[in-house]
Structures are given as structure tokens and as C-alpha cells.
Amino acid sequence: MSDDQETRRRWLTGRHASAAVIGVLTLVLGFAIAVQVHANSSGDSLSALREDDLIGILDDQNARADRLRQQISALQDNLRQLQDSGDRSAAARRQAEEQAQALGVLLGTLPAKGPGVSVAVTDPDGKLGGEDLYDLVQELRGAGAEAIQFGAVRVSTSTWFDGAGGVVEVDGTQLSAPYRITAIGDPKTLDTALNIPGGVAATVRAAGGSLTVTELDVVSIRVTTTLPKPKYARPSR
């Protein structure tokens, strides 16, 4: 193989890899949007809330929409950089590495560190079920949490919850109350999302428990998860 052919092969490989990563990130972002729409549509009735509470909810939703638009814009910028770069091969490799790191944090396969919150949830009467705690995780995701750890389990896009009575199962691991959750993201936004009127904190209190949020400058999440190997799908060439 000539030098020109080898250079072109490396360029095509790097560009395809980067495009694939961007495609996966776009799918993850679409999943986040779908989750948020579902969460909004399945919430309690807002008709009984005060005007101030409704304004707070509206502001929170607008902030989430802005964050999603910013993420979409960043992905589009990355794609344009790949298309316009003079050194396409080097740009493709650099973008692929950066996107792989970001994707690893989002999917839970890499450790993460940054500002965030620590959340403590008590359930003395054992009334909180897996669905209630899953809603808590979804609220954090909707508020822009980039990495979440529930007890000893790293939360990923496929994480599931089950159980009740003060003991829940998270991705097959049994955890008992009180529950501790750590999340990386804007601390103030995450705190506000969990304490929104009629939201997760209200559900916990109605069950006889408590939810306490501590804003932190640095949160370290070292637990990682392993993505399941596809049973039927395989990369196409």
C-alpha cells in the first residue's frame, strides 16, 4: 500500500470513528429529551399549585430546554469542525478521543469528577418503591446531571429499579434505606430540580421520609459500569 493510500485510509477511519461517536451522542441526547418529555407528561396535576410555584416550574423547564439546545449546538459545531478542518485526519482523531471520553462519562464506563450534589433519602416506613427512586434519578438527569451514582451502583442509560419496603434493587444490586445518591452537574440547578414543588422531595415527604440535598464544589464518582455486549447487533462497514 502506498503512503497516499495509507494516509487516506487513516483519514477515513478517523472520520468514520468520529462520526459514529457523534451519532451515538446524538442518540443519547435524544434519549434524554424523550425521558424529559415523559417525565413532564406523567407528573402530578399542576392545577392546585400557586402562581409562584407554577412560575418556578416554568423557569426550571426553560432552563432544561436551554441546556439541551446548547448540547445540540455543540454537537453541530464539532461536526462542522470535522468537515472544515484542513488537517482532517488529526481533527478526526482528536474529536473522536474527546467524544469518547464524554460518552464514557455519560454512559458510566469512566470515572468522573466535578461540582455536584450529595442526596440523602430516608424511608423509615418503607413506603418508597423502585419507581419513586427512579423518578429521583430521572429528575437529576433532566436537570443536567452528567454522572450519577446511586449507593454502590453507577447509573447508566439502561439502569433499572425494582422493589419496595425499604429495600430496592438497582441493576441487580440490593440497597436498603437510607439511600445516598451523588451526582455531577450544576449544584444549584440539581438542588432546585429535586425540591421543585410537587416533585421528588414532596413524594418522599408524603411517604414519611426526608430528602436532603448538599451542594458540593467537588464530587468524585469512581464506580463504573460495564455496558452489555450486543447480542444481535454488530458494527457495519
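## Overall make-up

Of the protein's 237 residues, 36% count as buried. The model is a predicted one. Its accessible surface comes to about 13800 Å². Carbon and sulfur atoms hold 53% of that area.

Six helices and eight strands make up the secondary structure. Along the sequence they follow the pattern α-α-α-β-α-β-β-β-β-β-β-α-α-β. Contacts in the protein with a separation of 6 or more come 75% from residues 24 or more positions apart.

## The three-stranded sheet

One open sheet has three strands in the order β4-β5-β6. The pairing is antiparallel. Its edge strands are β4 (161-164) and β6 (173-176), each of which pairs on one side only. From one strand to the next, the twist averages 25 degrees.

Strands of a sheet pair through backbone hydrogen bonds, in either a parallel or an antiparallel way. Here, β4 and β5 (residues 167-170) pair in the antiparallel sense over four bridges. G163 has V168 in β5 as its bridge partner. On the other pairing, β5 and β6 are also antiparallel, over four bridges. V168 has L175 in β6 as its bridge partner. V168 thus appears in a bridge with G163 and in a bridge with L175.

## Hairpin and covering helix

What links β5 to β6 in the hairpin? Two residues lie between the strands. D171 sits in this turn and has a positive phi of about 50 degrees.

Helix α4 (residues 130-142) lies across β4 and β5. The helix runs at about 135 degrees to β4.

## The loop at G108

G108 lies in the loop between α3 (88-107) and β1 (112-122). Is this glycine buried or exposed? The relative accessible area of G108 is 0%, so the residue counts as buried, the cut-off being under 20%.

Which residues does G108 contact, leaving aside neighbours within four places in sequence? They are R154, T224 and T225. T157 is 49 residues from G108 in sequence. In space, the C-alpha atoms of G108 and T157 are 8.4 Å apart.

Note on methods
Residues are numbered from 1 along each chain as its sequence is written. This is a predicted model: local features need pLDDT of at least 70, side-chain atom pairs count only at pLDDT 80 or more; totals for chains, interfaces and linings use all residues. Side-chain values use heavy atoms; hydrogens and water are left out. Two strands pair if DSSP finds at least two bridges between them. Axes are lines fitted to C-alpha atoms, for helices over the stretch in contact, and angles run from 0 to 180 degrees between N-to-C directions. Contact means heavy atoms within 4.5 Å. Buried means under 20% relative accessible area, exposed over 50%, partly exposed in between (1.4 Å probe, protein chains only). Accessible areas come from the Shrake-Rupley method with a 1.4 Å probe; for residues, only the protein chains shown count as cover.
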